[in-house]
Structures are given as C-alpha cells and as structure tokens.
Amino acid sequence: MTGSARLPGDSTAPAPVTLDDVSNPSSARILRQDDPEHAELLAQGWTVAATSWGARLDLTAGSDLSVYDRAVSAARRAGYEVREVRARETSALVDLDALVAPDFPDTPASHHEPLPLNLAGRIARGQWRAFGAWWQGRIVAFTILYRFEGRWEVDRTAVEASHRRRGLASAVKSASILTTYAEGARRWGTGGAMANAGSLAVNRGLGFLLEPSWHTLLPPAETRGPPPGHHASTGPATQA
Ligand SMILES: CC(C)(COP(=O)(O)OP(=O)(O)OC[C@H]1O[C@@H](n2cnc3c(N)ncnc32)[C@H](O)[C@@H]1OP(=O)(O)O)[C@@H](O)C(=O)NCCC(=O)NCCS
C-alpha cells in the first residue's frame, strides 16, 4: 500500500498519524481501534470513514519456511524469474508501479503514492529492498520493503493485471521474506485498506497476523468525508 503513504506503515502500527500531519485541513483523526480515544470520539458522534489494517509476521530461527519456498518454486515452475531487483533496474519497476497505480484502493485512509525519486539510491544503499517477478524479461510483479523499527516494512506490492491470480504477489513477498530471513530478519510488517480483499488474502496466506484495525474518524460535521481530491495516509500506512 503505500499504496498508501509511507507513514510507516502499511502496516502495523507506527504511531497514530492525524490527517493534519499530511497537510489535510480536515480535523479527521486516524486512531487504532483499541485506542481509548477512539471510543471517546465515537461516543461524541464521530464516525468511521475508512478502515485500514496492519499485520505482522514473526518468525524464529527454527521456523518452517516451506510455505515461502513453495510460493517461489511454483512461480518459477510456471516460467517466471523471481529474484531481488537491482538498483539499476528500478526504472522498470517505477514504470510498472505507475501502470498499476489506478488499481490501488483509494480511500480516505489509503491510496497510491508515487515511489520516491531516489529509490535507486535507497536500494543501492540497502535501506530499501525490492523483489520482482519477470515474464519473458519484463518485470510484471514486485514488492518493496524498507527498514522500520526493527522490522522490514512492506511499502507496496503489485502485479500487472494480466498476471494476477497466478501466485506472483505471494511469490515476490515470499522471496523477500526468505532473503531477509537468511540475513537474520525475524519480523516483517505490512498492511493496507480493509477493502482490499486480495492483499489481505495474500498476506494471511503467508502467515501475517492482523493487528487491531486503524480507523479514519470524522467529526459529526464532516461525516460526508474529506474534500474531493484529498488524499490522506493510513495509520498503518503502506499497501502491501
Ligand atoms: C493484490 C495483488 C497484489 C494480488 O496479487 P496476485 O499475484 O494476484 O496475488 P496471488 O495470486 O499471490 O494471490 C494469492 C491468493 O490471494 C487471494 N487473492 C488474490 N487476489 C484476490 C482478489 N482480488 N480477491 C480475493 N482474493 C484474492 C487468493 O486466495 C489467491 O489465491 P488463489 O488465486 O489461488 O485463490 C494484485 O491484485 C494487485 O496488484 N492489485 C493492485 C495493487 C494493490 O492493490 N496492491 C496491494 C495494495 S494493499
């Protein structure tokens, strides 16, 4: 998701982010469902305008990785090349991201954002990682991660429309988990819009566990939602 904004999170739980933090004139609030203030605002007549989810995957040194191995192997058997994206390959990744941008959920809490202009540099420095699937030499699926608070946080995951439902999102995410696991990582985060059934299913299938949802709350006077054209960010924040 960033498909959503990169207020850390496509995932779980970076600190709550108000829409004001992202230059929104609205007085909307983004709070985790279990935040005591959430209940207080609802009691005052605030309403939930959008729901985002965050999820975590925690593995240990002895974890069974077969689900990830199987996902990568299946895609390779089907003819896809699945591997890490090199810094010099980021322009093709950026083009694919732009192509699929309209397919990302667009809610008050979650939307697509352009990739950072210096993505290649971030990848070259190892701060961000990307994993892709290529079909006949053309990248058709990717997932992007960055380091955040002791875990690898998924910024976004997407698959070209004609290659969906072939296990590619599962394969590239699995490749990212296997590679970072081999380097010592044990925790990953992801998230997105509750409306995105596909993304939820992919992540559940890989063992991510949902955390309490994040709600975009609007005060009584703003129940018709934010102004047209406005885009805010999720609390969880990314879309993966
Ligand atoms: C979401 C997305 C990444 C899924 O990619 P994908 O390669 O089709 O996913 P997979 O094939 O690995 O799916 C694995 C499983 O997830 C589930 N799933 C995938 N897409 C689904 C959908 N649209 N609706 C319901 N379940 C879905 C299925 O259970 C699927 O297994 P199956 O096809 O054998 O039933 C892809 O639809 C996409 O790029 N969407 C636009 C961008 C986006 O929304 N990204 C996520 C932001 S939060």
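Which residue in β6 does A141 stand opposite? In this predicted model, A141 faces V159 of β6, and the strand that contains V159 offers a convenient starting point for a description of the fold.

Strand β6 spans residues 151-159, and 9 of its 9 residues are buried, so that the strand is mostly covered. Its pairing with strand β5, which comprises residues 138-148, is antiparallel and extends over 8 bridges. The hairpin formed by β5 and β6 leaves 2 residues between the strands, and within this hairpin E149 adopts a positive phi near 45 degrees. Strand β6 also pairs with strand β7 (residues 187-193), in this case in the parallel sense and through 2 bridges; E153 has G189 as its bridge partner in β7. Between β6 and β7 the chain passes through helix α5, residues 168-182, and the resulting β-α-β crossover is right-handed.

The largest nonpolar core of the model consists of 50 residues, and the residues with the most contacts inside this core are A133, F142, L168, A171 and V172. Helix α5 supplies the largest share of the core, namely 6 residues. In soluble globular proteins, nonpolar side chains tend to be buried together. When neighbours within four places in sequence are left aside, F142 is in contact with V85, L93 and L96, with A130, F131 and G132, and with A158 and V172. The contact between F142 and V172 thus links two of the residues that have the most contacts inside the core.

A contrasting environment is found at T60, which is located in the loop between β2 (47-58) and α2 (66-77). T60 counts as exposed because 6 C-beta neighbours lie inside 10 Å, and a residue is classed as exposed if that number is 12 or fewer. In sequence, T60 and R186 are separated by 126 residues, yet in space their C-alpha atoms are 6.1 Å apart.

Confidence in the prediction was also examined along the chain. The average pLDDT of the chain is 85, and 81% of the residues score at least 70. Over residues 1-25, however, pLDDT stays under 50, although the model has 115 contacts beyond four places in sequence for this segment. Residues 227-235 likewise have pLDDT under 50 throughout, with 29 contacts beyond four places in sequence. Where pLDDT is low, the predicted coordinates should not be read in detail.

Note on methods: Residues are numbered from 1 along each chain as its sequence is written. This is a predicted model: local features need pLDDT of at least 70, side-chain atom pairs count only at pLDDT 80 or more; totals for chains, interfaces and linings use all residues. A residue is buried if 20 or more other C-beta atoms lie within 10 Å of its own, exposed if 12 or fewer, and partly exposed in between; C-beta atoms are placed from the backbone. Helices (H or I, at least four residues) and strands (E, at least two) are DSSP runs, numbered from the N terminus. Two strands pair if DSSP finds at least two bridges between them. A crossover is right-handed if, with the strands pointing away from the viewer, the path from the first strand over the helix to the second runs clockwise. pLDDT is the predictor's confidence in each residue, from 0 to 100. Two residues are in contact if their C-beta atoms, placed from the backbone, lie within 7 Å. A nonpolar core is a set of buried Ala, Val, Leu, Ile, Met, Phe, Trp, Tyr and Cys residues joined through C-beta atoms within 7 Å.
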